[in-house]
Amino acid sequence: VAIYFSFGEYAQEIKDAIDYSWIKDGVKYEIVPEIITKKEIKNGELKNYDVLIIPGESRIYFDAIDKKWKDEIKKFVSDGNGYIGICGGANIASPRFLGIANITINDDQWQEWQYLWKANWSHGGVPLKVYIPYSDNPIFKGFYGSYRNIRYWGGAGMTGNITPIAIFAEEPCEIAPLHYWIWLGKWIPWKNITTDIKGRYAAAVTKYGNGKVILFSPHPEKDTFIDGHIEELPVHPGLTPFTWFMYN
């Protein structure tokens, strides 16, 4: 499994999460994760792997401008390999970028993305319930008809000609409300941030050519929790041009 590194710690978190093996009927199966760079993809090194994972990094939207990078990924998947996109990695599978999934994404900068822009990476990420519908895909086998809890950092609600394997069962702004703030002698909440992804796909599968594409809007690689609460706090207290309210 090749895990794409653009910048930040995201690739390493996924590598730690999937470094895994299991034994069935006396046969040992092992996932061997390695981190791959943009240069290595453009040099054709995806041929050494079976699956490419692209995490939710902001720079990948700029990487997707590079035709050679896009063409190598599209050929890799079309030839029969796998693609897993998480958050931004799911968004760039859409027709506007890579074009390997016929999806429409609902991901507004002033709505859903605020759960990313305002997040403390280690302590942000709202735990959201997703509903697991029945499907022929085995990823959630044993959980059909139930709910799972996955951390959310501003990903899209997806729709389109794809098979849903998880559906957002909660609205981020309802279970973990965030605000825009204004200075009136002190910092006070100005207005609510609104999201509208409940009922849309949180995870889905499709095919591109002979390959498989799996898309996660939330972050299945991150540890999750229950019974938490939201704290909003200024990163730089006081009236400065750089005051920005974050959340834990």
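These are my notebook entries on salt bridges and one surface patch in this structure.

**Entry 1: the model and the search.** I am working from a predicted model. I began with a search of the whole structure for salt bridges, and it returned seven of them. Side chains of opposite charge can pair when their charged atoms come close.

**Entry 2: lysine 222 and glutamate 13.** I looked up the salt bridge between lysine 222 and glutamate 13, and I noted 3.2 Å between the closest N and O atoms. This pair links distant parts of the chain, with the two positions 209 residues apart in the numbering. Glutamate 13 belongs to helix 1 (residues 10-18), while lysine 222 sits in the loop between strand 15 (211-216) and strand 16 (232-234). I then checked whether the two are covered, and found that lysine 222 and glutamate 13 are both buried.

**Entry 3: two pairs in helix 4.** I turned next to helix 4 (residues 67-78), where lysine 67 and aspartate 71 lie four residues apart, about one turn of the helix. Their side chains meet in a salt bridge, for which I wrote down 2.6 Å from N to O. Lysine 67 has a relative accessibility of 57% and therefore counts as exposed, the cut-off for that being over 50%. Aspartate 71, at 35%, is partly exposed.

In helix 4 I also found lysine 68 and glutamate 72, again four residues apart, or about one turn of the helix. These two form a salt bridge as well, with their closest N and O atoms 2.9 Å apart. Which of the two partners is buried, and why? It is glutamate 72, because its relative accessibility is 18% and buried means under 20%. Lysine 68, with 39%, counts as partly exposed.

**Entry 4: a network.** I looked for salt bridges that join up with one another, and noted that Lys38, Lys42, Asp63 and Asp66 are linked in a network.

**Entry 5: a nonpolar patch.** Leaving the charged residues, I looked at the surface and found a nonpolar patch formed by Tyr20, Trp22, Val27 and Tyr29, which together have about 400 Å² of accessible area. Which strands supply its residues? Strand 2 (20-24) and strand 3 (27-31) each contribute at least two of them. I followed one member further: tryptophan 22 lies in strand 2, and with a relative accessible area of 37% it is partly exposed. That value fits its place in the patch, because patches are made of residues with over 30% relative accessible area.

Note on methods:
Residues are numbered from 1 along each chain as its sequence is written. This is a predicted model: local features need pLDDT of at least 70, side-chain atom pairs count only at pLDDT 80 or more; totals for chains, interfaces and linings use all residues. Side-chain values use heavy atoms; hydrogens and water are left out. A salt bridge is a side-chain nitrogen of Lys or Arg within 4 Å of a carboxyl oxygen of Asp or Glu. Buried means under 20% relative accessible area, exposed over 50%, partly exposed in between (1.4 Å probe, protein chains only). Patches are made of residues with over 30% relative accessible area and no salt bridge: like charges are joined within 9 Å, nonpolar side chains (Val, Leu, Ile, Met, Phe, Trp, Tyr) within 5 Å. Accessible areas come from the Shrake-Rupley method with a 1.4 Å probe; for residues, only the protein chains shown count as cover.
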